[in-house]
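I opened this notebook to keep track of what I looked up, one topic to an entry. The strands come before the salt bridges.

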Amino acid sequence: MTRPITHSLVKALKRVHGFDRLDGQDLLCIVGASVNLKWPAGSHVFTKGSPGEALYVVLSGEVRIYDEVDDREVEIARTGPGEYFGEMSLIEDTTHTKNVQATEDSELLVITKEEFREILESNSDLAKHVRETFDARRADAESKYQTEAASQS
Amino acid sequence: MIDVRGERRIDRPVEEVFEFMADLDKLPLWLAGCRKAWSPDGNGRSVGARIIHEDEFMGRTFEAKFDVIEWEDDKRAVFEAVSGPFRGTSEENFEADGDATIVEIRVHGEPAGFLKAVGFMAKRQAQAQLDRSLDNLKLVLEG
């Protein structure tokens with residue numbers, strides 16, 4: 001009989017939308033190939049224009065995703081435990097198109113680009129979920145930009 | 001590859017700046033991420049001495065060991081990291097500028113351990129940590 005995996009990071013990943021479709025062994029592989037690090041409140045995880053190198057899963061705390069348009073900040077989203085970010089630049093293979101800043105002390109699981117791509121190749125359910133999330137977020141961002149533009153005109 | 005440098009002009013004499021930075025008990029006052037430092041070889045102020053740090057980096061705590069590979073009072077000290085999430089050298093250069101001191105720190109090497117997996121972040125974080133250390137140094141010494 002297979003023993004259940006009790007690793008705390010596996011349990012945390014199991015609570016992340018999309019990753020809940022993976023089995024314990026797959027999640028354990030992801031945990032083994034990733035690193036959990038902490039960002040103090042106010043620090044930037046990455047900035048617009050920097051290379052997309054990883055997917056970030058929020059384990060605790062909160063980050064805000066924002067852009068700067070005509071010297072004004074447009075907040076796109078706030079992301080907390082059980083959610084991930086950074087997938088846009090990985091899917092499109094571009095530099096980051098937004099800034100991400102910790103709004104409180106935050107612990108993130110950092111999954112490198114190479115590892116993330118391997119995971120997607122072997123897990124079509126997760127790949128579908130990530131793609132859907134990507135499309136929804138892009139549509140949401142477009143809507144925020146239009147709202148911002150309308151408020152300026 | 002990590003290759004970062006920074007320098008500050010500190011409005012204190014070079015002997016005082018060097019003495020402060022060489023004092024392992026004072027390391028946590030200025031070196032970002034350092035919680036404690038000691039040497040099993042006395043005060044750690046000679047070539048061949050080992051210096052051990054208890055450090056914290058992005059929520060991770062670890063012990064890092066350094067060997068002193070160059071030491072010249074009031075001029076230069078070079079440390080080689082032999083364990084911890086970084087392998088390479090850290091150079092400290094001191095130059096008198098009237099009654100003030102120009103302090104330069106260079107860090108050169110490769111990420112290791114947990115940092116190796118996220119090596120893309122290492123250079124940016126190393127530069128941020130170095131800048132913070134130099135700012136701390138200036139603040140503490142100039143008061």
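Before counting any pairing I fixed the term: two strands pair if DSSP finds at least two bridges between them. I also noted that the model is predicted.

**Entry 1, the sheet of chain B.** With that term in hand I looked up β1(B) and β7(B), which run antiparallel and are joined by 9 bridges; Arg5(B) has Arg106(B) as its bridge partner in β7(B). I then followed the whole sheet of chain B, which is open and built of 7 strands in the order β1-β7-β6-β5-β4-β3-β2, with antiparallel pairing. Its edge strands are β1 (2-10) and β2 (34-38) of chain B, each of which pairs on one side only. From one strand to the next I read an average twist of 20°.

**Entry 2, the neighbours of β6(B).** I found 12 bridges between β6(B) and β7(B), again antiparallel, and noted Glu104(B) in β7(B) as the bridge partner of Asn93(B). These two strands form a hairpin with 2 residues between them, and in the turn Gly98(B) has a positive phi of about 65°. On the other pairing I looked up, strand β5 (residues 76-83) and strand β6 (residues 86-97) of chain B are antiparallel over 6 bridges, with Gly88(B) in β6(B) as the partner of Ala81(B).

**Entry 3, helices against the sheet.** I noted that helix α1 (residues 14-22) of chain B lies across β1, β4 (60-72), β5, β6 and β7 (100-111) of chain B, and runs at about 155° to β6(B). Helix α4 (residues 119-142) of chain B also packs on the sheet, where it touches β1, β3 (50-57) and β7 of chain B, and its direction makes about 15° with that of β1(B).

**Entry 4, Val107(B).** Is Val107(B) buried or exposed? I placed Val107(B) in strand β7 of chain B and found a relative accessible area of 16%, so Val107(B) is buried, the cut-off being under 20%. In β7(B), 9 of the 12 residues are buried, and the strand is mostly covered. Beyond its neighbours within four places in sequence, Val107(B) is in contact with Ile2(B), Asp3(B), Val4(B), Phe86(B), Thr89(B) and Ser90(B).

**Entry 5, a surface patch.** I looked up Leu29(B), which lies in helix α2 (residues 27-30) of chain B and counts as partly exposed because its relative accessibility is 49%. Together with Leu139(B) and Val140(B), Leu29(B) forms a nonpolar patch on the surface, and the three share about 290 Å² of accessible area.

**Entry 6, salt bridges in chain A.** Over all chains I found 24 salt bridges in the structure. Arg137(A) forms one with Glu87(A), with the closest N and O atoms 3.0 Å apart; this pair links distant parts of the chain, Arg137(A) in helix α5 and Glu87(A) in helix α3 (residues 87-92) of chain A, 50 residues apart. Glu87(A) is buried at 1% relative accessible area, whereas Arg137(A) counts as partly exposed at 23%. Arg138(A) and Glu92(A) form another salt bridge, at 2.9 Å between the closest N and O atoms, and they too join helix α5 to helix α3 of chain A, 46 residues apart.

**Entry 7, a network.** Which residues are linked with Glu75(A) and Arg78(A) in a network of salt bridges? I listed Glu62(A), Arg64(A) and Glu73(A) as the other members. The side chains of Glu75(A) and Arg78(A) meet at 2.8 Å, N to O.

Terms used
Residues are numbered from 1 along each chain as its sequence is written. Chains are lettered from A and ligands numbered from 1 in the order in which they are written. This is a predicted model: local features need pLDDT of at least 70, side-chain atom pairs count only at pLDDT 80 or more; totals for chains, interfaces and linings use all residues. Side-chain values use heavy atoms; hydrogens and water are left out. Patches are made of residues with over 30% relative accessible area and no salt bridge: like charges are joined within 9 Å, nonpolar side chains (Val, Leu, Ile, Met, Phe, Trp, Tyr) within 5 Å. Accessible areas come from the Shrake-Rupley method with a 1.4 Å probe; for residues, only the protein chains shown count as cover. A salt bridge is a side-chain nitrogen of Lys or Arg within 4 Å of a carboxyl oxygen of Asp or Glu. Helices (H or I, at least four residues) and strands (E, at least two) are DSSP runs, numbered from the N terminus. Buried means under 20% relative accessible area, exposed over 50%, partly exposed in between (1.4 Å probe, protein chains only). Axes are lines fitted to C-alpha atoms, for helices over the stretch in contact, and angles run from 0 to 180 degrees between N-to-C directions. Contact means heavy atoms within 4.5 Å.
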